[in-house]
Amino acid sequence: MSHKWFVIARNDYRARTSSIRSIRRYFPFMVLGILAVFVLYIAPAIVDLFTSELVAFFLSQAAVAFVPILFLMFFLVFIWLPVTFMLRDVRSEQQVLLVSAPVNPRDILLGEFLGELPLYLVMITIITGFITALFDPLGVSGAQKAIIVVSFVITLTSALWIGTVIAALLRTRLGRTSRSKDVAKAISLLLVVPFVAIMYAFMGGGLIGALADPKTSTLIKDILSLFPSSWGAGIITQFAAHPGTVGIDVVPRLAGSVLFLGASLLIGMNLADRAYSMETATFTAARAGPDGVFYRTIQRLGGTGPFGILLASTFKIYVRRFQNLSWIVYIVALAALMNIFLMKPQDLFPVLLVSSFIFPLLAVAVASDVTLRGKETLFLYKKVPFGVEKLIKTRLVQGWLLVPVVAGTLMVLSVKLIPGTTLMAGVMYTVAVILLVAAHTMLALGLFLLKPAYDERGGEFMMNMMIPAQGSAFFVLGSLVAFGETGVFYFVIPVMWVVGITVLLLGKRRFSRME
Amino acid sequence: MKPLIITKALSKYYGKGEIKAVDSLDLTVYEGETFGLLGPNGAGKTTTVNLLNCIIRPTSGTASVNGFDILTQEQEVKRITGLLAESPGLFEKLSAREFLEFMGALYDVPGDILPRRADDLLTLFGLDERRDYLLEGYSRGMKQKVLIAAALVHDPPILFLDEPTSTLDPRAALMVKDLIKDLSQKAGRTIFLCSHILPIVEELCDRIGIIHQGTLIAVGSVSDIISQSNSTTLEEAFIALTGGVRESELLAWREDENVT
């Protein structure tokens with residue numbers, strides 16, 4: 001293999017650190033300094049706060065299965081991260097540049113991996129620093145800590161390499177058409193759901209309690225022992241049980257991790273040719289069928305004139321993008337998981353609370369489509385007579401036909417599932433959620449016109465997402481404290497409407513003046 | 001001939017006035033003529049088109065389009081103009097037919113006319129067999145054809161075309177050229193054309209204007225421009241007026257290197 005992997009790695013690292021170009025020379029030293037402070041001072045200080053609880057936990061039955069689960073989570077996260085970053089923005093154009101140059105695909109793969117490795121090593125250092133600090137109260141020796149660090153680095157580097165290879169293979173497969181790129185973005189969002197489900201199950205789902213049962217705990221541990229992540233976890237639980245003693249049975253576990261890393265590298269390298277293949281798999285283009293019942297109904301809802309066509313077209317633009325649909329699935333899943341694991345509602349009020357926290361996100365996801373398709377699409381409206389008004393009217397009606405309907409449906413389901421709910425309460429809460437979410441839809445649309453976000457990774461998008469989501473949560477909780485449950489009905493909803501209308505009018509003014 | 005587009009000291013500045021995208025533009029375009037605006041990259045052509053279509057507002061000066069003031073009668077101006085923008089937006093999840101229907105609806109084209117007109121335009125541009133495919137699968141040239149069709153969908157009396165043939169194959173470019181001629185000569189449409197392709201401008205335009213660094217530096221027929229600049233071709237005239245690279249400079253970059 002030539003030195004070209006180094007050229008690619010350096011280029012990849014430069015691209016990743018381009019936003020801090022001015023301090024790039026000093027960046028590694030700054031990071032090393034900050035990490036040293038974290039590992040030596042901050043992590044031990046945090047652990048000190050919970051010493052007695054942590055010691056009790058690591059010596060408990062629950063830890064036997066919890067540590068392998070934790071290790072597996074880290075292992076999966078490090079596979080998931082490069083995959084999800086790639087899926088969010090599949091760019092095969094740069095691959096063409098590399099493949100058209102005299103470079104071996106193995107060099108490209110290794111270069112890309114090494115280019116991203118320094119930044120992931122920062123994460124690995126933070127995690128291992130924290131984990132080793134956790135073992136201080138147990139009296140774990142320096143040698144044991146060193147073995148834990150080595151085990152962690154090997155396991156997570158293996159995961160990162162596997163993630164890089166999968167990402168490269170998927171990029172080749174999904175970078176070929178607009179539709180497959182769209183599918184990739186949808187998958188990237190939905191991949192978060194299992195992690196959220198496990199996290200919520202730990203937080204409020206009684207998973208820790210279930211692991212305290214020796215039978216369940218041993219069963220889970222046995223299942224997880226098949227994963228390489230559990231070999232490192234085994235070292236940790238062994239050291240926790242026998243602080244100061246490095247037993248001989250550490251060797252096969254560590255050797256297994258090293259062998260796994262070697263085997264992953266070998267298999268990955270052999271897959272490099274496939275990962276950088278530019279062969280076109282299909283020439284089939286997506287075709288629009290005749291309008292079905294759904295679009296015909298939407299068009300009728302908009303009337304018989306041009307507005308009906310505009311509304312149906314706006315729905316097509318939104319619904320035909322898998323990424324948009326994945327947002328709806330993701331947010332509904334999030335609401336369901338919160339209700340199942342965290343809130344466990346006995347009446348409808350907690351469902352209303354969850355809706356007021358979660359559905360602003362859906363309002364944002366729907367409203368964001370107005371600017372995410374690019375400034376040029378906004379200028380289509382600016383060119384036509386009364387285009388600003390037409391854009392706002394169609395996007396608002398589209399939002400109202402989506403977001404409150406989804407939120408209302410979830411509320412109706414909750415009415416069915418929560419025993420003892422009266423019809424009156426069901427109607428009242430459903431109407432309240434619909435009104436609240438309709439206000440969020442106006443607010444979100446106004447925000448995106450006021451501060452257009454042309455890229456999902458930009459600061460504007462994050463800001464526009466945080467304002468309705470965080471604002472709504474704080475506002476609802478504040479009024480709950482001040483006025484009680486009825487305050488949500490008589491105070492929050494009217495105020496949210498006033499805020500929504502005001503921001504929408506401001507957004508309209510800003511869009512009219514946009515250049 | 002009736003003046004249709006009149007600009008008076010039309011200016012557009014950015015920043016605190018240090019970037020003069022368009023500076024005191026005085027221009028008249030007459031009804032039924034095809035007017036070409038030429039200029040190097042960043043000269044102010046697209047800004048001029050955006051100003052005349054009421055997409056952006058001037059810093060100072062004014063203009064009227066068919067008697068409608070661009071500052072006070074925006075909606076009327078927008079209704080009577082069609083625009084093919086330089087970097088146009090396109091909803092890729094719509095099919096070509098759906099996109100034309102969408103654009104027609106934006107311009108309030110009546111529902112009984114719209115589907116037929118969309119189909120006719122797609123047939124004209126040779127896209128009738130691809131009408132139901134999503135635009136995301138179209139080539140750049142095919143997208144350009146759809147965008148030209150979209151600019152025509154409400155049959156406007158004034159058409160602004162910013163680089164209409166730059167991404168088209170020779171056959172499609174010839175068709176668009178013929179279409180522009182017909183729209184001007186047979187349908188009496190006024191065409192405002194921006195292009196870098198000098199032979200097209202030379203062939204299609206009754207008069208041309210050359211804009212450089214936001215200022216209109218020459219205006220007249222092609223022969224007027226050539227004689228004004230003591231040149232023999234439009235290309236020479238363009239270089240003489242806007243500046244260019246000397247032939248001796250072209251390969252100067254190789255002299256210090258042993259490039260093989």
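Q: Two strands pair if DSSP finds at least two bridges between them; which order of six strands in chain B results, and what is the sense of the pairing?
A: In this predicted model, the order is β6-β7-β8-β3-β9-β10 of chain B, an open sheet with mixed pairing.

Q: What makes β6 and β10 of chain B edge strands?
A: β6 (81-84) and β10 (215-220) of chain B each have a single partner strand, so one side of each has no neighbour in the sheet. From one strand to the next, the twist averages 15°.

Q: How do you know that β9(B) and β10(B) are paired?
A: Pairing needs at least two bridges, and five bridges join β9 (residues 207-212) of chain B to β10(B), so the condition is met. The two run antiparallel, and Gly209(B) stands opposite Val219(B) in β10(B).

Q: Which helices lie on these strands, α1(B) and α6(B) included, and at what angles?
A: α1(B) lies across β3 (34-38), β7 (158-162), β8 (190-194) and β9 of chain B, at about 155° to β7(B). An angle over 145 degrees counts as roughly antiparallel, so α1(B) is roughly antiparallel to β7(B). Helix α6 (residues 170-185) of chain B packs on the sheet, touching β3, β7 and β8 of chain B, and its direction makes about 145° with that of β8(B).

Q: How do you know that β1(B) and β2(B) pair, and in which sense?
A: Eight bridges link β1 (residues 3-14) of chain B to β2 (residues 19-30) of chain B, against a threshold of at least two, so they pair. The sense is antiparallel. Pro3(B) faces Tyr30(B) in β2(B), and Tyr13(B) stands opposite Lys20(B) in β2(B). The hairpin has four residues between the strands, and Gly15(B) takes a positive phi near 70° there.

Q: Why are β2 and β5 of chain B at the edges of their sheet?
A: The open sheet of four strands has the order β2-β1-β4-β5 (chain B), with antiparallel pairing. β2 and β5 (68-69) of chain B each have a single partner strand, so one side of each is left without a neighbour. Helix α1 (residues 45-52) of chain B lies across β1, β2 and β4 (60-65) of chain B, at about 60° to β2(B).

Q: Why is α15(A) called oblique to α16(A)?
A: The axes of α15 (residues 293-301) and α16 (residues 306-319) of chain A come within 7 Å and cross at roughly 140°. That angle is not over 145 and lies outside 65 to 115, so α15(A) is oblique to α16(A). The crossing is right-handed.

Q: Which residues form the contact of α15(A) with α16(A), and how do they divide by class?
A: Tyr295(A), Ile298(A), Gln299(A), Arg300(A) and Leu301(A) in α15(A) meet Gly308(A), Ile309(A), Leu311(A), Ala312(A), Phe315(A) and Lys316(A) in α16(A). They divide into seven nonpolar, two polar and two charged.

Q: Why is α3(B) called mostly covered?
A: A residue is buried if 20 or more other C-beta atoms lie within 10 Å of its own, and eleven of the eleven residues of α3 (residues 96-106) of chain B are buried. Among them are Arg97(B), Glu98(B), Phe99(B) and Gly104(B). The cover includes α16 and α20 of chain A, together with α4 (114-124) and α5 (140-152) of chain B. Just after α3(B), Asp108(B) takes a positive phi of about 60°.

Q: How many residues bring chain A and chain B into contact?
A: 30 residues of chain A are in contact with 29 residues of chain B. In chain A, α8 (178-190), α16, α19 (375-383) and α20 (387-417) each supply at least two residues of the side that touches chain B. That side has twelve nonpolar, seven polar and eleven charged residues.

Notes:
Residues numbered from 1 in each chain as written. Chains lettered and ligands numbered in written order. Predicted model: local features only at pLDDT ≥ 70, side-chain atom pairs only at ≥ 80, totals over all residues. Axes fitted to C-alpha atoms, helices over the stretch in contact; angles between N-to-C directions. Parallel < 35°, antiparallel > 145°, perpendicular 65-115°, else oblique. Left-handed = near helix turned anticlockwise from the far one by under 90°. Contact = placed C-beta atoms within 7 Å. Nonpolar A, V, L, I, M, F, W, Y, C, P; charged D, E, K, R; others polar. Buried ≥ 20, exposed ≤ 12 C-beta atoms within 10 Å, placed from the backbone.
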